[in-house]
Amino acid sequence: HQAQLVQHEKLAGIGRLAAGVAHEINNPLGVILGYVRLLQRKAEGALAEDLKVVEEEAVRCQDIVEGLLDLSRPGRGPRERVPLREACEEVVARLRESSRLGDVEVRVEGDASAWAWPPRLRQVLLNLVKNAAEAAGQGGTVALVIGAAPDGGASVAVSDSGPGVKAEDLPRLFEPFFTTKPSGTGLGLAVSQAIAEAHGGRIETDTGPLGGARFTLRLPPASPAQEAMA
Ligand code: ADP
Ligand code: MG
């Protein structure tokens with residue numbers, strides 16, 4: 001028990017340190033990106049291509065920094081009733097606009113509402129749909145199925161037509177920095193699980209109806225006291 005407490009304190013300490021470092025790196029990183037984009041406008045040919053690489057890698061650093069900050073504060077925000085259908089459609093539309101979905105077909109089914117901090121809930125949905133679309137690949141399909149639980153909780157299951165998760169990767173999926181992608185950050189699922197847990201929920205993994213993976217976010221109902229105070 002004592003060892004567990006020590007371990008817990010240690011992890012919390014590391015988390016605070018990581019968050020501190022991330023916070024400090026954020027500003028200089030923003031300046032670097034600003035200047036690179038400025039230079040890109042003046043550059044041509046090979047130089048322009050090199051600057052593109054610098055920009056991409058700086059954006060990657062920003063993603064990591066943002067992920068670390070999210071890991072350190074996954075759930076401290078005001079809860080409200082969130083219509084899930086609307087949230088899912090918004091997330092899909094946002095990914096579509098930034099052309100992160102390619103020609104992947106995305107379907108949204110069902111409806112329910114959840115008790116959550118809206119921006120964080122959307123972030124979980126975004127991470128799961130992004131992963132699903134990346135796994136499905138060109139010409140693939142992604143389905144979001146929203147469900148209401150009998151106890152008043154809600155769920156969103158995101159499944160894809162991709163290759164699924166390899167058995168050997170399964171135990172490591174939610175570890176920070178675990179990635180099988182050449183330029184992944186490995187933070188999407190770690191952050192999403194932290195957010196789900198901060199809401200009293202969880203994310204489950206199995207094989208879905210489209211042949212690939214299925215990631216299901218499950219959220220508990222609000223207590224009557226919570227709803228009354230909102
Ligand atoms: P990243 O997307 O940056 O790799 P994530 O934390 O989002 O990091 O995902 C971690 C890993 O989990 C991925 O690299 C991939 O191996 C696996 N994974 C996540 N979603 C899926 C999916 N829908 N199908 C197959 N593998 C997946
Ligand atoms: Mg991801």
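## Helix packing, sheet and ligand shell

Helices H3 and H4 are oblique to each other, because the angle between them is about 55°. This is a predicted model. Besides the helices, the structure has an open sheet formed by 5 strands, and 23 residues surround ligand 1. The points below take the helix pairs, then the sheet, then the ligand.

**Helices H3 and H4**

- Two packed helices are described by the angle between their axes and the distance between the axes.
- For H3 and H4, the axes are 9 Å apart.
- The crossing in which H3 passes H4 is right-handed.
- On the H3 side, the contact is made by Ala 87, Cys 88, Glu 90, Val 91, Val 92 and Leu 95.
- On the H4 side, Leu 121, Arg 122, Leu 125, Leu 126, Val 129 and Lys 130 take part.
- Sorted by class, this contact has 9 nonpolar and 3 charged residues, and no polar ones.

**Helices H4 and H5**

- H4 and H5 cross at roughly 145°, and their axes come within 9 Å.
- H4 passes H5 in a crossing that is left-handed.
- H4 contributes Arg 120, Gln 123, Val 124, Asn 127, Leu 128, Lys 130 and Asn 131 to the contact.
- H5 contributes Gly 188, Leu 189, Val 191, Ser 192, Ile 195 and Ala 196.
- The residues of this contact are 6 nonpolar, 5 polar and 2 charged.
- Lys 130 of H4 appears in the contact with H5 and also in the contact with H3.

**Helices H2 and H5**

- Helix H2 covers residues 45-72, and its axis comes within 9 Å of the axis of H5.
- The two axes cross at roughly 20°; angles under 35 degrees count as roughly parallel, and H2 and H5 are therefore roughly parallel to each other.
- The crossing of H2 past H5 is left-handed.
- Gly 67, Asp 70 and Leu 71 of H2 meet Ala 190, Val 191 and Ala 194 of H5.
- By class, 4 nonpolar, 1 polar and 1 charged residues make up the contact of H2 with H5.
- Val 191 of H5 meets H2 and is also part of the contact with H4.

**The sheet**

- Strands of a sheet pair through backbone hydrogen bonds, either parallel or antiparallel.
- The strand order here is S2-S4-S5-S7-S6, and the pairing is mixed.
- Strand S2 (105-109) and strand S6 (202-207) stand at the edges with a single partner strand each, so one side of each has no neighbour in the sheet.
- From one strand to the next, the twist averages 15°.
- Strand S5 (residues 154-160) and strand S7 (residues 213-219) run antiparallel and are joined by 6 bridges.
- Within this pair, Val 156 has Leu 217 in S7 as its bridge partner.

**Helices on the sheet**

- Helix H3 (residues 84-97) lies across S2, strand S4 (141-148) and S5.
- The direction of H3 is at about 170° to S2.
- H4 also packs on the sheet, where it touches S4, S5 and S7.
- The direction of H4 makes about 20° with that of S5.

**Around ligand 1**

- Among the 23 residues around ligand 1, the nearest are Asn 131, Ala 135, Thr 179, Gly 184 and Gly 188.
- Helix H4 (118-136) and helix H5 (188-198) are the elements that give two or more residues to this shell.
- H4 gives the most, with 4 residues.
- By class, the shell has 9 nonpolar, 11 polar and 3 charged residues.
- Asn 131 and Gly 188, two of the nearest residues to ligand 1, also take part in the contact between H4 and H5.

Methods:
Residues numbered from 1 in each chain as written. Chains lettered and ligands numbered in written order. Predicted model: local features only at pLDDT ≥ 70, side-chain atom pairs only at ≥ 80, totals over all residues. Near = placed C-beta within 6 Å. Nonpolar A, V, L, I, M, F, W, Y, C, P; charged D, E, K, R; others polar. Pairing = 2+ DSSP bridges. Axes fitted to C-alpha atoms, helices over the stretch in contact; angles between N-to-C directions. Contact = placed C-beta atoms within 7 Å. Parallel < 35°, antiparallel > 145°, perpendicular 65-115°, else oblique. Left-handed = near helix turned anticlockwise from the far one by under 90°.
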